[in-house]
Amino acid sequence: MSTTDLDSPMAMAYRINKTFDPWSQDITVTLPDGITTYVANYADIVAVQQSVMIQSVSQGIQVGASFILLVILLLITTKDKRRSIVFILNAVALFLVVFRGVFAMFTFAGPFYDFYRWLLYYYADTKTAQHISCVGEVATFILTVCIELSLVMQVRIVCCNLEDWRRHGVTVLNVFVAFVACGIRFALMVVNITWGIVGVESTTFRQSQLISRLASAANITFVVSIGISAVIFCTKLAFAIQARRSMGMKQFGPMQIIFVMGCQTMCTPLIFTIICYWVIPNAQMGTFVPVVVAITLPLSAMWAAVNANQLHVANSNSRNALRHQVPLGAPDHVRGKEHGSGYDTANTASTLVDDDDLEMQKMGVGEGVKVHRTYSVRSDEGVLSSQFMPARVETERAVIPQLS
């Protein structure tokens, strides 16, 4: 290479033709037989490239956030709280979010998103990629089941002190909605694996439309189930908070924190669903619905636990300061009256529904009602997640496989 070539600009000076659009020009490719040619469009290459980029960024964010939260959750949770069913379901859900995200990234780098294969529907020798996609689809179904079970458990716990017919009615409604959401997700898993992954080369347009309709139905029923559970949960907590305020307990504590985060859990999936279907179509924003819910509730539990510990320390300091004002030799019940009502704020960190049977009686619940006392704030990380399915989005010339 001469010195003149080294000093010359790397970009060539082009003559611009304003009547020609280079981004929509046709490109000729040769079929696997080495003879037949096929005319493709440059816009199709851009569409596949953008799809892979958007989905890769989306899955990377989900994997990073879920993995960090899972590690923190395992480190700060005590051994006795790790045995609760809700904690196990939530931890498994976070792990599945990470698991399916990693497999999704393998899918994006595999043959399913190769432009030549995508354009010609040429998926020979792609068994490994098909197996990876199938594993991701199964992981999404298990994730949905874990979330729905966590929702059912938490709603059942928070409604434990209702009358029998009301409690059973809420449970039946919640279980029915969860069963419908899981059933549609199972149907989508079977159909998508059969037609969209294993039999992708022979998939018809009618079958592709059926997969898209099932994917929409699965997303909508999942969001509806989240909303119903969150409404029941927040309504019951609202009545409990109002009852506490009537007894003079007006401080902002763990129950208020869970209520605020529960309202967020109810609204956030709806916002992402609206964005996914009407604001920014094909942006894969729907995959954030389960992840956002999976992250929100563990964070709310951590926040509530920290708040309870701070209140407990403040109450301990107040008692130590007042202890010197009580005459020596005073009986314990006198000391209790001098220090306050005897209500232990830190106890709220161990249950979301009540503090003791006396408080339940003050709320109007009769004696003899058994209150569930194992619903720890740390084990209240309700998780609500997700959709991985390799759906296909229609374009002008072909179909883009996507993981939703």
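Helices here are DSSP runs of at least four residues, numbered from the N terminus. Phe67 sits in one of them, helix H2. The model is predicted.

**Exercise 1. Compare the span of helix H2 with its expected length, then find what caps its N-terminal end.**

Step 1. Take the residues. H2 covers residues 42–76, which is 35 residues.

Step 2. Take the expected span. At 1.5 Å a residue, 51 Å is expected.

Step 3. Compare. From first C-alpha to last, H2 reaches 52 Å, close to the expected value.

Step 4. Look at the N-terminal end. Asn41 caps H2 there. A side-chain oxygen of Asn41 lies 2.9 Å from the backbone nitrogen of Ala43.

**Exercise 2. Decide whether Phe67 is buried, partly exposed or exposed, and name the surface patch it helps to make.**

Step 1. Read the area. Phe67 has a relative accessible area of 46%.

Step 2. Apply the cut-offs. Buried means under 20% and exposed means over 50%, with partly exposed in between. Phe67 is therefore partly exposed.

Step 3. Find the patch. Phe67 joins Ile68, Val71, Ile72, Leu75 and Ile76 in a nonpolar surface patch of about 550 Å².

**Exercise 3. Work out how strands E1 and E2 are arranged, and which residues stand opposite each other.**

Step 1. Locate the strands. E1 spans residues 26–30 and E2 spans residues 37–41.

Step 2. Find direction and bridges. The two strands run antiparallel, joined by 5 bridges.

Step 3. Match the partners. Asp26 stands opposite Asn41 in E2. Thr28 stands opposite Val39 in E2.

Step 4. Inspect the turn. The strands form a hairpin with 6 residues between them. Gly34 in that turn has a positive phi of about 80°.

Step 5. Follow Thr30 in strand E1. Its relative accessible area is 37%, so Thr30 is partly exposed. The C-alpha atoms of Thr30 and Tyr116 are separated by 9.5 Å, though the two residues are 86 apart along the chain.

**Exercise 4. Find the salt bridge of the structure and describe the surroundings of Arg167.**

Step 1. Count. The structure holds 1 salt bridge.

Step 2. Name the partners. Arg167 pairs with Asp164, and their closest N and O atoms are 2.8 Å apart. Side chains of opposite charge can pair when their charged atoms come close.

Step 3. Place them. Both residues lie in helix H6, 3 residues apart, or about one turn of the helix.

Step 4. Check exposure. Arg167 is buried, because its relative accessible area is 16%. Asp164 is partly exposed, because its value is 47%.

Step 5. Turn to Thr171, in helix H6 (residues 164–198). The side chain of Thr171 reaches the backbone oxygen of Arg167 at 2.8 Å. With a relative accessible area of 18%, Thr171 is buried.

**Exercise 5. Examine phi at Tyr121 and Asp125, and say where these residues lie.**

Step 1. Recall the usual sign. Most residues other than glycine have a negative phi.

Step 2. Read the angles. Phi is near 55° for Tyr121 and near 60° for Asp125. Tyr121 thus has a positive value without being glycine. Asp125 also has a positive value without being glycine.

Step 3. Place them. Tyr121 lies in the loop between helix H4 (115–120) and helix H5 (127–158). Asp125 lies in the loop between H4 and H5.

Step 4. Judge exposure. Tyr121 is partly exposed, because its relative accessible area is 26%. Asp125 is exposed, because its value is 78%.

How values were computed: Residues numbered from 1 in each chain as written. Predicted model: local features only at pLDDT ≥ 70, side-chain atom pairs only at ≥ 80, totals over all residues. Heavy atoms only, no water. Expected span 1.5 Å × (residues − 1). Polar contact = N/O pair within 3.5 Å; in protein donor to acceptor, adjacent residues only side chain to side chain. Patch = residues over 30% accessible without salt bridge, like charges linked within 9 Å, V, L, I, M, F, W, Y side chains within 5 Å. Areas by Shrake-Rupley, 256 points an atom, 1.4 Å probe, with all protein chains shown as cover. Salt bridge = Lys/Arg side-chain N within 4 Å of Asp/Glu carboxyl O. Buried < 20%, exposed > 50% of the residue type's maximum accessible area, 1.4 Å probe, protein only. Pairing = 2+ DSSP bridges.
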